[in-house]
Amino acid sequence: MMEHKKYQYVLGIDFGTDSCRALVVDARNGKERAVGVGEYPRWKQGLYCNPKINQYRQHPLDYIESLVAAAHKAVTQLSEDERLAILGLTIDTTGSTPALTDEEGQPLALSSRYAEDPDAMFMLWKDHTAVKEAEEINDLIKQQKLCYNQYSGGTYSSEWVWAKVLHVLKKETAVGQDAYSWVEHCDWMSGLLTGKLKPELMIRSRCAAGHKAMWHESWGLPSESFLSQLHDRLGKMKAHLYHDTFTCDKKAGTLTVEWADQLGLPAGISVGVGAIDAHMGAVGASVAPGVFVSIIGTSTCDIMVSSKEELKTPCLQGISSQVDGSVLPGYIGIEAGQAAFGDIFAWFKSILSWALPLMSDQADANAISKLILNKLSDEAAKIEPQVNSLVALDWMNGRRTPDANQNLKGMIANITLGCSAPELYRSLIESTAFGLKRIIEHMRAQGLNIHTMNAVGGISKKSPLVMQILADVTEMPIQVIQSENACALGSAMFAAVVAGIYPSIEEAERYMKSAIEKEYIPDEKMKPIYNHLYQKYLLLGKTAEQLIQQ
């Protein structure tokens, strides 16, 4: 640890789906000293998105403006001495969230010509417009017997960068023709703050590259020949990209004077290599071998780490991806997850409250809408599951793990005219728990040791019903991490390393880790009922897969 000073602060910056969060942490003890949140103004208005075709885009100005707002809100809570004691920062973002750029590394949406063009903006992680392109990528890999997706569980996803960029290029519009390169959100932010934006010179995150762009140290990115067969312009981009990637304990550069002024921070402080939010969240949730970390929000991202010696299967099948050093340097980072979780509950609430916007008194309508989910939870908690209960399938947004397939759809079975809204709601909760159980079983079947689960994210804090059902179905104790800002906390831990306060992330975690807020213990009497319903869930899944093949 660096020599004692009155203050030793670091800044973790977390770009989520809806907002940017800036967290100031005391590196000596992990105390969260200040937090500021900035919402994305254009995203909040629903601009540039089209849910009917699964198009979700975010303007780069949303990221810039929210970062400035969040940083100022956090910094203004500090004294001048404390502000000057901020020694480093690290950024995490949702992923894969890429954008097409010009030769200077700026997203094309920052030019006046493309300021209102969604294809020139960042394509949010949950944008599923590139399903066909992902299929093309997987088919070409299979036809040519290539290894590019062997560390991506054997399947490349429409949520990831190559599919999204290919989708835009295939439109043959001016945006695609003017695109020089592409950039992931986390890399662009660190490049912006350090003044290193040129595509060929930008420091690239191993986390984003390995998990989303089929990068591997033995071959780098996919070959120009392979990419050109998908689209000639995709092949040409290869020369404007990268071969080397860096783990988050490495420094991306130092904060420029210009950005120090805008953010109210000291110039020249260390800026770390960025990463995907869930991976930083896992660090903030004390990930370690044997600990399964689930970041539970609109979707879920499940993260594990394994030593190379303990990884019995070199190439895990059916998961999202595995990358050496993506979570903790020296360990294999493993990612899985569910494409929809909280989004399913929000969807059901919107179904029940669809007529409320027609009410003349909008204040009453908003109040009723907020009440619906709470009342559903209260009533659903009173229901005792039975062997003939409703069984739902949690694939409303496709399936992420195991074996990604964005074409799959959700289902609900056993519905009768006597079914109530709380029964339907509970079946949806149970479906998400069954989806999680299937992921855990899949990972264990490939030799991964999972002995406990740590949970972070809004649902882990807000819904005891959901968390207890997750514990009962998975038959595992679940520890909820106390910090409300696990992703930003993980980023702050890495900021403490790149600032030289600690020599390693393990040492930073030792001093800065969050406490456990609550633990959910499985109820043994629920085991036979849920095991029975889980078998029905698996059968329902097989039926759904057969339907899309017809």
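Which residues in α12 meet which residues in α18? I took this up as the opening entry, working on a predicted model.

**Entry 1: α12 and α18**

I looked up the contact and found D277, M280, G281, V283 and G284 on the α12 side. On the α18 side I noted A486, C487, L489, G490, S491, M493 and F494. The residues of this contact divide into seven nonpolar, four polar and one charged. I then turned to the geometry of helix α12 (residues 277-284) and helix α18 (residues 486-498): their axes are 6 Å apart and the packing angle is about 80°. Angles of 65 to 115 degrees count as roughly perpendicular, and α12 is therefore roughly perpendicular to α18.

**Entry 2: α2 and α7**

I next examined helix α2 (residues 60-75) and helix α7 (residues 185-194), whose axes come within 12 Å and cross at roughly 55°. The two helices are therefore oblique to each other. I recorded the crossing of α2 and α7 as right-handed. In the contact, P60, Y63, I64 and L67 of α2 meet H185, W188, M189, L192 and L193 of α7. I sorted the residues of this contact into eight nonpolar, one polar and no charged.

**Entry 3: aromatic pairs**

I counted 21 aromatic pairs. One of the pairs I looked up is F122 with W188: the ring centres are 5.5 Å apart and the planes stand at 50°, so the pair is tilted. This pair links distant parts of the chain, with F122 in strand β7 (residues 122-123) and W188 in helix α7, 66 residues apart. Both F122 and W188 are buried.

I also looked up F348 with Y425. Their ring centres are 6.3 Å apart and their planes lie at 10°, so I entered the pair as stacked. Here too distant parts of the chain are linked: F348 belongs to helix α13 (residues 342-352) and Y425 to helix α15 (residues 421-445), 77 residues apart. F348 and Y425 are both buried.

I then followed the ring pairs further. They link F15, Y40, Y63, F122 and W188 into a cluster. Two members of this cluster, Y63 and W188, I had already listed in the contact of α2 with α7.

**Entry 4: helix α5**

Is helix α5 enclosed by the rest of the structure or exposed? I found that nine of the nine residues of α5 (residues 161-169) are buried, so the helix is largely enclosed by the rest of the structure. The buried residues I listed are V161, W162, A163, K164, V165, L166, H167, V168 and L169. K164 and H167 are thus entered among the buried residues of α5.

Definitions and conventions: Residues are numbered from 1 along each chain as its sequence is written. This is a predicted model: local features need pLDDT of at least 70, side-chain atom pairs count only at pLDDT 80 or more; totals for chains, interfaces and linings use all residues. Side-chain values use heavy atoms; hydrogens and water are left out. Axes are lines fitted to C-alpha atoms, for helices over the stretch in contact, and angles run from 0 to 180 degrees between N-to-C directions. Helices (H or I, at least four residues) and strands (E, at least two) are DSSP runs, numbered from the N terminus. Angles under 35 degrees count as roughly parallel, over 145 as roughly antiparallel, 65 to 115 as roughly perpendicular and the rest as oblique. A crossing is left-handed if the near helix is turned anticlockwise from the far one by less than a right angle, and right-handed if clockwise. Contact means heavy atoms within 4.5 Å. Ala, Val, Leu, Ile, Met, Phe, Trp, Tyr, Cys and Pro count as nonpolar, Asp, Glu, Lys and Arg as charged, and the others, Gly among them, as polar. Rings of Phe, Tyr and Trp (its six-membered ring) pair if their centres lie within 6.5 Å; planes under 30 degrees apart count as stacked, over 60 as edge-to-face and the rest as tilted. Buried means under 20% relative accessible area, exposed over 50%, partly exposed in between (1.4 Å probe, protein chains only).
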